[in-house]
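Colleague: I'd like to learn how to read the strands and helices in a model like this one. Could you walk me through it?

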Amino acid sequence: MGLLANLLTLHRVDAQVRALRSRVDNAKIFFNAQEKQLALLERQRVDLETQLKQLKAVVHSLETDQAAAQERIDKLRSELNMSTNDKQYKAILNELKVLENQKDETVKRAVEEMSRIDETQKRIELHAATTAERAKVRELAKAKLDECMKDVGERLSELESERERAADLIPDRERKIFDRVAEETEGEAMADVTIVSLRHREFACGACNIEVPFETYAKLSSAADAVVQCKACTRILYLSEETRGASNEEKSAEKPKKTRATASAAASSGGDLDPNSPEAIARDKAKFEKTRKL
Ligand SMILES: [Zn+2]
């Protein structure tokens, strides 16, 4: 096999390896995203639980304060009943007033903090539901990744060794060119040359459509080991079987055409098809379309 044929084999296997790898990579990316989301949700859960604990501690301490104040109030009330003079009575009454106010404040704060506890508990419940949903998605992603690894794993290692064998057949220099272009083009290292017009010797790169000089086409037609890169997109150019077929058809068509041409020349003005005639343009166009589809 010629160098270009070996390069095409490498290209075919390389493309399959890349496609399989990207399937696994995508499944991994999706799974990792789910893991990340769950880790974030877990951190949020810990934060919420900490908040709840702190709020409960605040309420507990307010309740303790409240109980202590109540105890003092009760004590002062009995002292008030036992007070013997007006001055003592007024002093106790004043202290009672201050304590009652403080106790009211404490109760008010405790009620506020308790409603914050309720809110936090609701948020925790909602958060748990979100986490459960996300965990389901993670399980699906895991199953998909496992399935993908199972499907692809064996085939991928087969293809990878096939790729190695194909690469071994190619000289270092050309292999480096191939690897570099394959990397740059995400696995599209080879491009066929398309015929724009054989008659006008116009050719194009099948990947980027930039003109390919006739010399390149001629070189590829005659040598099986000519490595020529597209000047625009750097892909390694080759002639597909159909492109070769089209040019051979053209060559073999030239001879019988002459007899027909002579016959028609005798009949009328005739001659070979005028390159600008609608028939010739249509034929070139059809050929171009045919090679474009390869
Ligand atoms: Zn190109």
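Colleague: Let's start with strands. In which sense do β1 and β2 pair, and over how many bridges?

Modeller: Happy to help, and please keep in mind that this is a predicted model. Strand β1, residues 190-197, pairs with β2 in the antiparallel sense, and four bridges link them. You can pick out one of the facing positions: I195 has F203 of β2 as its bridge partner.

Colleague: What kind of connection do β1 and β2 form, and how many residues lie between them?

Modeller: They form a hairpin, with four residues between the two strands. Look at R201 in that turn, where phi is positive at about 55°.

Colleague: Moving on to β2 and β3, how many bridges join them, and in which sense do they pair?

Modeller: Two bridges join β2 (residues 202-205) to β3, again in the antiparallel sense. F203 sits opposite V212 of β3, and F203 is also the bridge partner of I195, which is handy for tracing across the sheet. β2 and β3 make a hairpin too, with five residues in between, and N209 in its turn has a positive phi of about 70°.

Colleague: In what order do the strands lie in the sheet?

Modeller: A general idea for reading any sheet comes first: along a regular strand, side chains alternate between the two faces. Here, the sheet is open and has four strands in the order β3-β2-β1-β4, with mixed pairing. The edges are β3 (211-212) and β4 (236-238); each has a single partner strand, so one side of each lacks a neighbour in the sheet.

Colleague: And helices? At what angle do α1 and α3 cross?

Modeller: In general, a packed pair of helices is described by the angle between the axes and the distance between them. In this model, α1 (residues 3-82) and α3 (residues 172-184) cross at roughly 35°, their axes coming within 12 Å. The crossing is right-handed.

Colleague: Which residues make that contact?

Modeller: From α1 come L3, L7, L10 and D14, and from α3 come E174, F178 and A182. By class, five are nonpolar, two are charged and none is polar.

Colleague: How do these pieces fit into the whole chain, and in what order do the elements run?

Modeller: The chain has six helices and four strands, running α-α-α-β-β-β-α-β-α-α from the N terminus. Of its 294 residues, 15% count as buried. Among contacts with a separation of 6 or more, 71% come from residues 24 or more positions apart.

Technical notes. Residues are numbered from 1 along each chain as its sequence is written. This is a predicted model: local features need pLDDT of at least 70, side-chain atom pairs count only at pLDDT 80 or more; totals for chains, interfaces and linings use all residues. Axes are lines fitted to C-alpha atoms, for helices over the stretch in contact, and angles run from 0 to 180 degrees between N-to-C directions. A crossing is left-handed if the near helix is turned anticlockwise from the far one by less than a right angle, and right-handed if clockwise. Two residues are in contact if their C-beta atoms, placed from the backbone, lie within 7 Å. Ala, Val, Leu, Ile, Met, Phe, Trp, Tyr, Cys and Pro count as nonpolar, Asp, Glu, Lys and Arg as charged, and the others, Gly among them, as polar. A residue is buried if 20 or more other C-beta atoms lie within 10 Å of its own, exposed if 12 or fewer, and partly exposed in between; C-beta atoms are placed from the backbone. Two strands pair if DSSP finds at least two bridges between them.
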